Amino acid sequence: MQLSAQSPSRALTRTVPIVDLPDDEEMAAAVATIDAWAERELAAGGFLVAAERQEVTDRTASFQWYLRFKGDEKDFITVWFTLKQRTLWHEAQFMPAPEEHKEEVFAYLLRRNSQLFGMAFALGPEDAVYLVGRVPARLIDDDELDRIAGASVVYTDDHFPTAMTLAHPTTYRRRPRR
C-alpha cells in the first residue's frame, strides 16, 4: 500500500531541528556573568550571604554555584545554579518530606504552582520539596539572576509557613513577625 501526501500518517512525520550548541566563549560569558553577579551581591551586603562555585566533573553540567540567602521564615534559603549545556537550572530546597497530611501539602503546593513565575514546586530526593526552574543560558544576565534569586526567597518565605504547618504540625512553629 502506498501512502499519499494526504495520508494521516504523513502528518505525524516530524523533522528534528538542528540546534547550535553554545561555544566555549558563550559558556565562559555565562560563567563570568554569574560570578560577577554573585560577587556584587555579596559586596552589597544584602540577602546573599555566601556564594561558592565548583566545577562539575560528572559531565552532566559544567559548573554549579551554591548560593545562600537570608530568609524571614527560614534562617537561610539555599539555591543551586547549575550551568548545563544550554540552560541554567536553578533549585532551592523548600522543605523536607511531609510527615503528615501529605495529600493536603501536595495539593496546596500544586495550587501555588500556577501563581509562580519561572519556577514550580517539585519533589526531589527522599520526597523533599524543591522550587525548580530553568532558563536558556543565552538569557543569563543580572536582571534574570536577580529575578531567580528574588523569586526563590519570596516564594519560600510566602509558602513555607503554610506548607510546614500542614506537613509538620507537631514540630513546626511559625516565627513571630519581625
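## Exercises: helix pairs and buried residues

The axes of helix α2 (residues 24-44) and α4 come within 10 Å of each other, crossing at roughly 60 degrees. Keep that pair in mind; we'll start with it. One thing to know before you dig in: this is a predicted model.

**Exercise 1. Work out how α2 and α4 are oriented, and list what sits where they touch.**

Step 1. Take the angle, roughly 60 degrees. Angles under 35 degrees count as roughly parallel, and 65 to 115 as roughly perpendicular. The α2/α4 pair fits neither label, so these two helices are oblique to each other.

Step 2. Now the handedness: α2 makes a right-handed crossing with α4.

Step 3. Look for the residues that meet. From α2 you should find Thr 33, Ile 34, Trp 37, Arg 40 and Glu 41, and from α4 Asp 142, Leu 145, Asp 146 and Ala 149.

Step 4. Sort them by class. The α2/α4 contact has four nonpolar residues, one polar and four charged.

**Exercise 2. Do the same for α3 and α4: find the angle, the orientation and the contact residues.**

Step 1. Helix α3 covers residues 102-113 and helix α4 covers residues 142-167. Their axes come within 9 Å and cross at roughly 160 degrees.

Step 2. Angles over 145 degrees count as roughly antiparallel, so α3 is roughly antiparallel to α4.

Step 3. The α3/α4 crossing is right-handed.

Step 4. On the α3 side, the residues are Glu 104, Val 105, Tyr 108, Leu 109 and Arg 112. They meet Asp 158, His 159, Thr 162, Ala 163, Leu 166 and Ala 167 of α4. By class, the α3/α4 contact has six nonpolar, two polar and three charged residues.

**Exercise 3. Decide whether Phe 81 is buried or exposed, then find what it touches.**

Step 1. Place the residue: Phe 81 lies in strand β3.

Step 2. Check its relative accessible area, which is 0%; Phe 81 is therefore buried.

Step 3. Skip residues up to four places away in sequence and look at the rest. Phe 81 touches a long list, including Phe 63, Trp 65, Leu 88 and His 90. Ile 34 and Trp 37 are among its contacts too, and you've met both in α2. Leu 145 is another contact of Phe 81, and that one belongs to α4.

Step 4. Try a distance. Phe 81 and Leu 67 are 14 residues apart in sequence, and their C-alpha atoms are 7.8 Å apart in space.

**Exercise 4. Compare the surroundings of Thr 82 and Asn 113.**

Step 1. Thr 82 is in strand β3, residues 76-83, while Asn 113 is in helix α3.

Step 2. Buried means under 20% relative accessible area. Thr 82 comes in at 11%, so it counts as buried. Asn 113, at 19%, counts as buried as well.

Step 3. Look for polar partners. The Thr 82 side chain makes a polar contact of 3.0 Å with the side chain of Gln 64. For Asn 113, a polar side-chain atom lies 2.6 Å from the backbone nitrogen of Phe 121.

Step 4. List contacts beyond four places in sequence. Thr 82 has Ala 61, Phe 63, Gln 64, Thr 87, Leu 88 and Trp 89. Asn 113 has Ala 120 and Phe 121.

**Exercise 5. Step back and describe the whole protein.**

Step 1. Count the elements: four helices and six strands. Along the sequence they run α-α-β-β-β-β-α-β-β-α.

Step 2. Of the 178 residues, 35% count as buried.

Terms used
Residues are numbered from 1 along each chain as its sequence is written. This is a predicted model: local features need pLDDT of at least 70, side-chain atom pairs count only at pLDDT 80 or more; totals for chains, interfaces and linings use all residues. Side-chain values use heavy atoms; hydrogens and water are left out. Axes are lines fitted to C-alpha atoms, for helices over the stretch in contact, and angles run from 0 to 180 degrees between N-to-C directions. A crossing is left-handed if the near helix is turned anticlockwise from the far one by less than a right angle, and right-handed if clockwise. Contact means heavy atoms within 4.5 Å. Ala, Val, Leu, Ile, Met, Phe, Trp, Tyr, Cys and Pro count as nonpolar, Asp, Glu, Lys and Arg as charged, and the others, Gly among them, as polar. Buried means under 20% relative accessible area, exposed over 50%, partly exposed in between (1.4 Å probe, protein chains only). A polar contact is a pair of N or O atoms within 3.5 Å; within protein, one must be able to donate a hydrogen and the other to accept it, and residues adjacent in sequence count only if both atoms are side-chain atoms.
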